[in-house]
Amino acid sequence: MDASQFVENYAVARKEIEYTVDTLFTKALAEHPAADELKKLLALPKKDLPKACIDAVTGDSKYPHSVVTFSAWLTMVNNPSGRDMDAIAESLMHSSLDRVWGGLMAVVCSSATEDGTLLKLADWLVENEKGSYLIKLITRNPSASQETRSKALEYYRMKEIIT
């Protein structure tokens, strides 16, 4: 097999995998007990997503973790501002971790999240996260300064030794 054939085979395989993941994701969302709430989030204009995420943190959903997670990830993939991500992070840090963990993951993975927010999250997570995965993600965020990455790495190592 030559290089062009390899690239062509790779492209076909990748499309097949993406189709399968999209199909599974769509099926899982359609069958989720909070499907109606998730559909409402999908229908919102992107400018309304940050507020919807913040509202979901204190909302009365039977599935708050799912709604917060989905709204935070929707916000993240729609090119939010740093201000939006800071507001979401601030809201998430005032709730129980088990309710907002997936939303926090979206915030620490977003390149729109500003360094100051990432540093504040690292400090908060070292006190509140049982593991260290979210702290580890901060070390990989391209928006994190070297200082923030170093501090998060220090926290990560500390948590790994303790837990």
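**View 1. The covered residues of helix α4.** P64, V67, V68, T69, F70, S71, A72, L74, T75 and M76 are the buried residues of α4. Like everything else in these views, they come from a predicted model. That list makes α4 a mostly covered helix, with ten of its 14 residues buried. Who does the covering? Among the elements packed over those buried residues are α1 (3-31), α2 (35-43), α3 (49-58), α5 (82-92) and α6 (97-109). The helix itself takes in residues 64-77. From its first C-alpha to its last it reaches 20 Å, close to the 20 Å expected at 1.5 Å a residue.

**View 2. Stepping back to the whole chain.** Before going closer, here is the setting for α4. The chain has nine helices and zero strands, so reading along it gives the pattern α-α-α-α-α-α-α-α-α. Its C-alpha atoms fill a box of roughly 50 × 40 × 30 Å along the principal axes. Of the 163 residues, 39% count as buried. Take the contacts with a separation of 6 or more: 69% of them join residues 24 or more positions apart. On the outside, the chain exposes about 9800 Å², and carbon and sulfur atoms supply 57% of that. As for charge, there are 19 positive and 23 negative side chains, and the centres of the two sets lie 2 Å apart.

**View 3. N79, just past the end of α4.** Move along from α4 and you come to N79, which follows the helix. N79 lies in the loop between α4 and α5. What is the sign of its phi? N79 has a positive phi of about 50 degrees, although it is not a glycine. Most residues other than glycine have a negative phi. As for cover, N79 is exposed, with a relative accessible area of 65%.

**View 4. Two cysteines that stay apart.** How many disulfides does the structure hold? The count is zero. C53 is in no disulfide, and the nearest cysteine sulfur, that of C109, is 14 Å away. Turn the pair around and it reads the same way: C109 is in no disulfide either, with the sulfur of C53 as its nearest, 14 Å off. A disulfide is a covalent bond between the sulfur atoms of two cysteines. The cut-off for a disulfide is a pair of cysteine sulfur atoms within 2.5 Å, so a pair 14 Å apart does not count. Is each cysteine buried or partly exposed? C53 is buried, with a relative accessible area of 0%, whereas C109 counts as partly exposed at 33%.

**View 5. S110, a buried loop residue.** S110 sits in the loop between α6 and α7 (115-128). Although it is in a loop, S110 is buried, with a relative accessible area of 2%. Which residues does it touch? Not counting residues up to four places away in sequence, S110 touches M76, P80, M85 and N141. M76 should sound familiar, being one of the buried residues of α4. P64 is another on that list; S110 and P64 are 46 residues apart in sequence and 21 Å apart in space, C-alpha to C-alpha.

**View 6. S95, in the loop between α5 and α6.** Here is another serine in a loop, this one between α5 and α6. Is S95 buried or exposed? S95 is buried, with a relative accessible area of 17%; the label fits because buried means under 20%. Leaving aside neighbours within four places in sequence, S95 is in contact with V57, V100 and W124.

**View 7. A122, inside helix α7.** A122 belongs to helix α7 and is buried, with a relative accessible area of 0%. Which residues is it in contact with? Setting aside neighbours within four places in sequence, they are I138, A152 and Y155. For a sense of distance, the C-alpha atoms of A122 and E31 are separated by 35 Å, and the two residues are 91 apart along the chain.

**View 8. Y133, at helix α8.** Y133 is found in helix α8, which covers residues 133-140. Y133 is partly exposed, with a relative accessible area of 40%. Apart from neighbours within four places in sequence, Y133 is in contact with W101 and M105. Y133 and Q5 are 128 residues apart in sequence, and 39 Å lies between their C-alpha atoms.

Conventions. Residues numbered from 1 in each chain as written. Predicted model: local features only at pLDDT ≥ 70, side-chain atom pairs only at ≥ 80, totals over all residues. Heavy atoms only, no water. Helix = DSSP H or I, 4+ residues; strand = E, 2+ residues; numbered from the N terminus. Buried < 20%, exposed > 50% of the residue type's maximum accessible area, 1.4 Å probe, protein only. Contact = heavy atoms within 4.5 Å. Areas by Shrake-Rupley, 256 points an atom, 1.4 Å probe, with all protein chains shown as cover. Lys, Arg positive; Asp, Glu negative; His and termini not counted. Charge placed at Lys NZ, Arg CZ, Asp CG, Glu CD. Expected span 1.5 Å × (residues − 1).
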